[in-house]
Amino acid sequence: MPRPILATVHPDALRHNLQRTRDSAPDARVWAVVKANAYGHGIERTFDALRSADGFALLDLAEAERIRALDWRGPVLLLEGVFEPRDLELCSRLHLWHTVHCSEQIDWLAAHKTQLPHRVFLKLNSGMNRLGFAPTAFRAAWARLNALPQVEEISLMTHFSDADGPRGIAHQVAAFEAATADLPGERTLCNSAALLRFGRQPLRVGPGAPATETLSADWVRSGIATYGSAPDHPRRTAADWGLQPAMTLSSRLIAVQQLQAGDTVGYGSTFAAQGPQRIGVVACGYADGYPRHAPTGTPVLVAGERTRVVGRVSMDMITVDLAPLDALGVACGVGSEVVLWGVSASGAVLPVDEVAAAAGTISYELLCAVAPRVPFQSSP
């Protein structure tokens, strides 16, 4: 039989989460963001559940080709635009919309010979300081694009750096509104955190300023929330936002050890038993994408009950504390279900956000890092 580790994608949860984000901006169209192979869930595995979106946003041409191969005829947006001039040929052939964030991309468009003018999204650097034109250069970039016969329509976009934290988005909304005032074109601003936290709330962009209701604009970008993770954890949980886990990473116990006081577990003997206790060995390790730096105490579900990882994560195995289950009288042994994150057979939920927080990282990394050797399936 195959090794028991398994990643299960839940299409019903994807549909639910996408609708939840749509409800946060009922007047906007929704991009389903499927970059990084749909945040590790698989573009092909998630497509049917997400095809109610108004468009798909992704990172590179290979992902765009995969979406088109699934017979998606609607909008597809390259979030970072093209990386070299010849990419524009494929944009023309696949009818891709693409971001323009630097002057070189405008130069490439100006030299591009095409029968079909392009739809572009001009990006403002409103404070993230990664991609986009500075506010002082934004209108000149817009004017250059507007003069090109290769460009059919210009939309306007930005990206929030602090939508998940206390600083919020008002300062960037103010920068965006100032830079784009009176410019035509559809707008897209909100990522998952901005969408859930501010999407239905009027926002004041400065002291004494009137509340604006333009935050959600014409398009919103549903990223991590689509996959059931809270974008502002631990301030809010996925359950607080009404989100459901879209992936379960599960395995089984493959061995049980009986420890006595002073016995240690795993490489480096980082965990020592304080008294008699049982330890379960799980078929999952860092070669499967589970974080090696997850410390003793990282939550895990065994037979639907919450317990903890103990000792150091190794390449192919982790060890878990069975004492809490023994105290509850819950029978468990070789073959018992282990949920690393997601939903157990009993319906118990272990949010990926909690596992990520315990390991000092974020859910995005765990979901994207599930290794190729882990088999995937979709739940009914």
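Two residues are in contact here when heavy atoms of the pair lie within 4.5 Å. By that criterion, and leaving out residues up to four places away in sequence, Leu145 touches Val100, Ile106, Leu109, Val120, Leu122, Val151 and Ile154. The model is a predicted one, and the values that follow are computed from it.

Leu145 is a useful place to start. The largest nonpolar core has 102 residues, and Leu145 is among those with the most contacts inside it, together with Leu122, Tyr290 and Trp341. Leu122 is also one of the residues that Leu145 touches, so two of the names on that short list meet directly, since contact is defined by heavy atoms within 4.5 Å.

From Leu145 the path leads to His98 by way of shared neighbours. Leu109 and Val120 appear among the contacts of Leu145, and both are also touched by His98. His98 is found in strand 5, which covers residues 97-100. Is His98 buried or exposed? With a relative accessible area of 1%, His98 is buried, because the cut-off for that class is under 20%. Not counting residues up to four places away in sequence, the contacts of His98 include Leu77, Leu78, Gly81, Val82, Leu88 and Cys91. They also include His118, Arg119 and Phe121. The contact with His118 has a polar component: a polar contact of 2.8 Å joins the side chains of His98 and His118.

Helix 3 gives another view of packing. Within this helix, residues 43-50, the buried residues are Ile43, Thr46, Phe47, Ala49 and Leu50. They pack against three strands and three helices, listed here by name: strand 1 (6-9), strand 2 (29-33) and strand 3 (55-58), and helix 1 (11-24), helix 2 (35-39) and helix 4.

Helix 4 leads on to the backbone. The loop between helix 4 (61-69) and strand 4 (76-78) holds Asp71. Phi of Asp71 is near 70°, a positive value in a residue other than glycine. Asp71 counts as partly exposed because its relative accessibility is 45%. Asn129 also has a positive phi, about 60°, although it is not a glycine. Asn129 lies in the loop between strand 6 (118-123) and helix 7 (135-146). At 59% relative accessibility, Asn129 counts as exposed, because the cut-off for that class is over 50%.

What empty space is enclosed? The count comes to 1 cavity of 30 Å³ or more, and about 50 Å³ of space lies in the largest cavity. Its lining consists of Lys123, Leu124, Asn125, Ser126, Met128, Arg130, Leu131, Thr158 and His159. By class, the lining has 3 nonpolar, 4 polar and 2 charged residues.

The last stop is the loop between strand 11 (219-222) and strand 12 (247-259), where His233 lies. Pro234 lies in the loop between strand 11 and strand 12 as well. The peptide bond from His233 to Pro234 is cis, with omega near 10°. His233 counts as partly exposed because its relative accessibility is 26%. Which residues does His233 touch, not counting residues up to four places away in sequence? They are Asp353, Glu354 and Ala357. His233 and Asp353 are 120 residues apart in sequence, and their C-alpha atoms are 6.8 Å apart in space.

Conventions: Residues are numbered from 1 along each chain as its sequence is written. This is a predicted model: local features need pLDDT of at least 70, side-chain atom pairs count only at pLDDT 80 or more; totals for chains, interfaces and linings use all residues. Side-chain values use heavy atoms; hydrogens and water are left out. On a 1 Å grid over the protein atoms alone, a cavity is a set of points where a 1.4 Å probe fits but cannot get out, and a pocket is an open set with protein on both sides within 12 Å along at least five of seven lines; lining residues have an atom within 4 Å of a point. Grid points are joined across faces, edges and corners, and a volume is the space filled by probe spheres set on the points. Ala, Val, Leu, Ile, Met, Phe, Trp, Tyr, Cys and Pro count as nonpolar, Asp, Glu, Lys and Arg as charged, and the others, Gly among them, as polar. Helices (H or I, at least four residues) and strands (E, at least two) are DSSP runs, numbered from the N terminus. Buried means under 20% relative accessible area, exposed over 50%, partly exposed in between (1.4 Å probe, protein chains only). A nonpolar core is a set of buried Ala, Val, Leu, Ile, Met, Phe, Trp, Tyr and Cys residues joined through side-chain atoms within 4.5 Å. A polar contact is a pair of N or O atoms within 3.5 Å; within protein, one must be able to donate a hydrogen and the other to accept it, and residues adjacent in sequence count only if both atoms are side-chain atoms.
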